[in-house]
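User: Hi! I'd like to go through this model with you and check what stands behind each label. Could you set the values against the cut-offs as we go?

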Amino acid sequence: MKVTRVADPILPLCQRLLPTRLAGLSLALLKATALELAILAGHLLLYPSGIVQERRGPGCALPSPDGAAQLPTEAKPPVVLLHGFIDNRSVFVLLRRNLAQHGRQRVESLNYSPLTCDIRTAAELLGRHIEEICERTGARQVDVVGHSLGGLIARYYVQRLGGDLRVRTLVTLGTPHSGTRVAPLANAHPIVRQMRPGSELIEELSRPAPGCRTHFVSFWSDLDHLMDPLESACIDHPDLEAENVQVSGIGHLALPVHPAVATGIRQALDTVRPGDPSAARAGGLTVA
């Protein structure tokens with residue numbers, strides 16, 4: 001993912017004050033931080049619209065956003081979007097629009113309660129939600145996109161609660177698969193403690209998972225301020241079929257918003273794998 005260059009007068013000054021490599025990193029970090037703040041401001045405005053759980057009727061599909069033309073598509077599994085810690089479904093407004101414009105008309109979000117104190121409980125709720133979607137739509141499987149904590153909840157459902165039967169592809173965005181050490185003062189919250197390296201839950205996810213049928217795609221950023229270490233957002237498990245896709249130049253909040261990441265998510269969901277009914281094969285993942 002390319003980072004747009006800043007104005008020329010700033011660059012020489014930074015290069016004089018800092019070594020070239022450090023100056024480049026500082027500029028990228030500055031731009032990523034500015035983008036994060038802009039996204040945060042916009043998300044705070046949208047947050048109230050996502051507090052209430054969305055309602056769907058039988059077989060209900062998303063309307064065409066702003067009358068946008070829909071691309072021809074074969075029947076595709078429903079997509080379930082799962083937000084991160086202290087967030088709600090409003091974080092996926094732009095991603096939903098992007099998916100709908102490219103033929104994914106059955107897209108649904110799950111709000112788990114901000115009072116949820118256990119990832120396992122949230123994973124059970126996700127499982128019930130997915131069963132309801134499959135029953136209502138007649139789909140055999142769904143695809144799941146989880147941001148941050150949402151990806152960890154979905155992984156627990158897939159890996160520990162038999163969810164690999166229902167989840168065809170799980171895409172995670174900035175998810176602490178190996179645990180993160182950021183913000184130690186937040187340890188008062190039990191879910192934060194579960195996301196720490198070496199926690200009982202992280203150790204549980206490292207156990208063998210032979211025969212897991214779900215395909216995993218993990219997007220991680222080199223400027224994700226909530227991942228410590230950064231590579232904790234990668235999946236490293238011998239029994240899981242997983243791809244780790246590095247994204248450069250954006251932060252944690254930008255992952256579910258950035259158009260290049262949305263393109264990568266669509267590629268991940270559209271890639272044909274053994275057992276898929278679709279005949280067309282998508283190309284490899286690219287995030288530029």
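User: Where does proline 229 lie?

Analyst: Happy to help, and one caution at the start: this is a predicted model. Proline 229 sits in the loop between E5 and E6.

User: What makes the peptide bond from aspartate 228 to proline 229 cis?

Analyst: Its omega is near 0°, and the bond is cis. For context, most peptide bonds are trans.

User: Histidine 237 is in a loop as well. Why is histidine 237 called buried?

Analyst: The loop between E5 and E6 holds histidine 237. Its relative accessible area is 8%, and buried means under 20%, so histidine 237 counts as buried.

User: What does histidine 237 touch, and which backbone atom does its side chain reach?

Analyst: Leaving out residues up to four places away in sequence, histidine 237 touches Arg155, Gln159, Leu205, Ser206, Arg207, Pro208 and Ala209. Its side chain reaches the backbone nitrogen of aspartate 239 at 3.0 Å. A polar contact needs N or O atoms within 3.5 Å, and 3.0 Å fits that distance limit.

User: Arg155 and Gln159 belong to helix H5, I think. How do you know that H5 is largely enclosed?

Analyst: Of the 12 residues of H5, 11 are buried, so the rest of the structure largely encloses this helix. Arg155 and Gln159 are among the buried residues of H5, as are Leu149, Tyr156 and Val158.

User: How far does helix H5 reach from its first C-alpha to its last, and what is expected?

Analyst: H5 (residues 149-160) reaches 16 Å, close to the 16 Å expected at 1.5 Å a residue. After H5 comes glycine 162, with a positive phi near 75°.

User: How do you know that helix H8 has the span it should?

Analyst: H8 covers residues 259-270, and its 12 residues should span 16 Å at 1.5 Å a residue. The expected span uses one less than the number of residues. The end C-alpha atoms of H8 are 16 Å apart, so the two values agree.

User: Why is H8 called largely enclosed, and what do its buried residues pack against?

Analyst: Nine of the 12 residues of H8 are buried, so the rest of the structure largely encloses it. Ala260, Ile265, Arg266 and Leu269 are among those buried. The buried residues of H8 pack against helix H3 and against strands E1, E3, E4, E5 and E6.

User: How many helices and strands are there in the chain, and what share of its residues is buried?

Analyst: The chain has eight helices and six strands. Of its 288 residues, 49% are buried. Among contacts with a separation of 6 or more, residues 24 or more positions apart account for 79%.

User: Why is isoleucine 86 called exposed, while alanine 183 is called partly exposed?

Analyst: Isoleucine 86 has a relative accessible area of 59%, and exposed means over 50%, so the label for isoleucine 86 follows. Alanine 183 has 42%, which lies between the 20% and 50% limits, so alanine 183 is partly exposed.

User: What is the phi of isoleucine 86, and what is that of alanine 183?

Analyst: Isoleucine 86, in the loop between E1 and H3, has a phi near 50°. Alanine 183, in the loop between E4 and H6, also has a phi near 50°. Each value is positive in a residue other than glycine. Most residues other than glycine have a negative phi.

User: What lines the largest cavity, and what makes its lining nonpolar or polar?

Analyst: The search finds one cavity of 30 Å³ or more, and the volume of the largest cavity is about 40 Å³. Phe85, Ile86, Tyr112, Ser113, Pro114, Thr116, Leu149 and Ile191 line it. Six lining residues are nonpolar, two are polar and none is charged. Tyr and Pro count as nonpolar here.

User: Last one: why is arginine 193 called partly exposed?

Analyst: Arginine 193, in helix H6, has a relative accessible area of 42%. That is neither under 20% nor over 50%, so arginine 193 is partly exposed. Its side chain reaches the backbone oxygen of asparagine 187 at 2.8 Å.

Technical notes
Residues numbered from 1 in each chain as written. Predicted model: local features only at pLDDT ≥ 70, side-chain atom pairs only at ≥ 80, totals over all residues. Heavy atoms only, no water. Helix = DSSP H or I, 4+ residues; strand = E, 2+ residues; numbered from the N terminus. Buried < 20%, exposed > 50% of the residue type's maximum accessible area, 1.4 Å probe, protein only. Polar contact = N/O pair within 3.5 Å; in protein donor to acceptor, adjacent residues only side chain to side chain. 1 Å grid on protein atoms, 1.4 Å probe; cavity = no way out; pocket = protein on both sides within 12 Å on 5 of 7 lines; lining within 4 Å. Points joined across faces, edges and corners; volume = space filled by probe spheres on them. Contact = heavy atoms within 4.5 Å.
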